[in-house]
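Q: I have a model open and would like to learn how to read it. Could we go through a few features together?

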Amino acid sequence: MPGLAPSIDDRLLHLDADGTPGLLAVRERGTGRLVFPPPSDADPQLYERVLLPRDGRLWSWTVQRFRPKSPPYAGLETFEPYAVGYVALGDAIIVEGRLTGAPLDGFAIDMKMRLVAEPFALASGEWRTTFAFAPAENQA
Amino acid sequence: MSGVYIVGAGIHPFGRTPERSGLQQGVVAVRQALGRAGLDWRDIQFAYGGSDAAGKADTMVFELGLTGLPFINVANGCATGGSAMFGAYSTIKSGEFDLGIAVGFDKHPRGAFDPKPAEWGLPDWYGETGLMLTTQFFAMKIQRYMAMYGITNGTLAAVAEKAFANGVLADHAWRREPVDAETILGSTMVSDPLTKFMFCSPGEGAVALILASETKAKQLGLPAARLRAAAVRSRPPGSFEVFSPALDIDRGPSPTNIASHAAYDMAGVGPEDIDVAQLQDTESGAEIMHMAENGFCADGEQEAWIAEGRTRIGGTLPVNTDGGCLACGEPIGASGLRQVYENYVQLTGQAGARQVPGDPRIGYSHVYGAPGVSAVAIVERA
């Protein structure tokens with residue numbers, strides 16, 4: 001597994017030098033509404049770029065038990081089920097992503113979650129970096 | 001403005017028919033509707049029709065006859081059938097024509113749908129990393145609903161068990177074998193908490209409805225149901241829909257909530273007046289949530305309703321009397337019209353072994369689909 005593979009999309013992730021990820025979004029200047037993912041043609045007059053909060057609580061979840069069709073799925077042919085969920089990031093926005101850091105039956109609604117960088121293997125064998133949410137160490 | 005009546009209906013059996021294209025299944029449904037009503041294609045003044053993935057509806061004039069009628073193709077995703085009926089309804093209501101047809105058909109390959117991110121205005125990573133699946137959306141919507149309102153896995157299974165039991169009694173259904181709750185719960189997990197038998201499958205089928213003005217309906221003297229409301233609504237802010245990389249923190253109503261309200265207003269009736277309902281059941285949980293979203297019960301009351309058998313044929317509000325999408329499959333362009341077909345058959349007393357007892361008077365149908373659209377129709381025995 002590589003240390004830090006290229007991001008799966010330059011407009012998705014901000015990665016600090018130490019690998020700490022942040023999700024890129026925009027805030028509509030007029031209404032304050034957050035938009036994720038940011039539209040590629042977001043007019044800077046109307047939208048300002050922001051990083052979303054990294055911490056939140058699990059809003060809902062499920063497990064993807066069969067390999068999705070390709071395209072659009074770009075993962076390995078050999079398939080391992082993975083968890084996905086929505087995480088409410090503070091009082092900002094609810095974001096969908098892969099879940100990691102616990103067994104597939106180890107997730108529950110309201111669990112504290114934190115954004116992490118997640119290596120993703122393409123069918124070609126190359127690696128990319130995407131994002132996921134993992135249970136926070138402090139669940140109190 | 002004229003009242004609008006359904007005076008005839010035809011259906012091509014749902015499921016898999018390798019020897020016929022989707023379009024040909026549409027032609028079969030139209031011919032059956034005409035035959036049952038004793039009408040000729042030349043009597044039909046206009047048509048609305050469509051499919052999501054099986055071709056252009058208006059090309060069926062080559063088989064049905066080149067009468068020169070206006071034939072409007074409808075392509076509106078999961079609401080294609082509902083939109084075709086809405087078009088036909090509005091055309092007759094306006095007085096422009098007094099006899100027309102709404103037809104919907106489809107034919108999908110096996111397995112889950114495989115949407116392309118760009119076609120939905122989404123970045124490629126969303127599909128590449130395995131987040132773009134309708135099954136995940138349905139699973140996560142019911143997962144949260146179960147946690148909030150105390151719905152159990154047993155209730156999910158009971159909904160599917162009822163669907164298959166009703167499908168046994170419906171000639172046009174795809175799945176015609178009963179499946180018990182234990183088997184449903186023990187079948188392959190697709191997307192937690194939903195198992196294989198709790199999901200409908202993309203399939204094939206076709207439905208045609210003949211609509212007439214009040215004057216024309218009286219002239220024809222056929223078994224009829226008055227279409228008291230037909231409403232199509234897209235999503236309001238804060239609704240939870242398929243293929244959403246993010247949701248607003250401020251949650252709002254669903255397209256079903258607003259289509260339902262609009263339909264009750266148009267019809268001048270409320271949920272307590274409905275005798276039989278066909279509700280979108282893409283999976284077991286959808287039927288449960290749609291009972292509340294359409295106003296039939298409060299959130300959480302489904303647990304008791306289903307335990308008491310209130311939604312079975314013979315219950316206080318029979319739901320999905322032909323087995324719904326779970327037993328019939330989901331050919332997108334035909335699915336919404338199948339629900340109206342079923343209500344027409346129920347209200348005119350032609351439902352045979354699955355007939356709802358007690359002379360049902362008012363039927364309700366609700367179709368829901370991506371990317372957040374609902375169509376509701378309310379029909380009354382004429």
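Q: Which residues of helix 3 of chain B meet helix 13 of chain B?
A: Happy to help, and keep in mind that this model is predicted. To read a helix pair, list the residues on each side. From helix 3 of chain B come B:Thr80, B:Gly81, B:Gly82 and B:Met85. Their partners in helix 13 of chain B include B:Ile332, B:Gly333, B:Ala334 and B:Ser335, along with B:Gly336, B:Leu337 and B:Val340.

Q: What classes of residue make up this contact?
A: Five nonpolar and six polar residues take part, and no charged ones.

Q: At what angle do the two helices cross?
A: The axes of helix 3 (residues 80-93) and helix 13 (residues 332-347) of chain B cross at roughly 60 degrees and come within 5 Å. Angles from 65 to 115 degrees would count as roughly perpendicular, and those under 35 degrees as roughly parallel. Helix 3 and helix 13 of chain B are therefore oblique to each other.

Q: Now for chain A: how many helices and strands are there?
A: Chain A has nine strands and zero helices, so reading from the N terminus you meet β elements one after another.

Q: Why does the radius of gyration of chain A agree with a compact globule?
A: Compare the value with the one expected for the chain length. A compact globule of 140 residues would have a radius of gyration near 14 Å, and chain A, at 16 Å, agrees with that. Along the principal axes, its C-alpha atoms fill a box of roughly 45 × 40 × 30 Å.

Q: What share of chain A is buried?
A: Of its 140 residues, 34% count as buried.

Key
Residues numbered from 1 in each chain as written. Chains lettered and ligands numbered in written order. Predicted model: local features only at pLDDT ≥ 70, side-chain atom pairs only at ≥ 80, totals over all residues. Helix = DSSP H or I, 4+ residues; strand = E, 2+ residues; numbered from the N terminus. Rg over C-alpha atoms; globule rule 2.2 N^0.38 Å. Buried ≥ 20, exposed ≤ 12 C-beta atoms within 10 Å, placed from the backbone. Axes fitted to C-alpha atoms, helices over the stretch in contact; angles between N-to-C directions. Parallel < 35°, antiparallel > 145°, perpendicular 65-115°, else oblique. Contact = placed C-beta atoms within 7 Å. Nonpolar A, V, L, I, M, F, W, Y, C, P; charged D, E, K, R; others polar.
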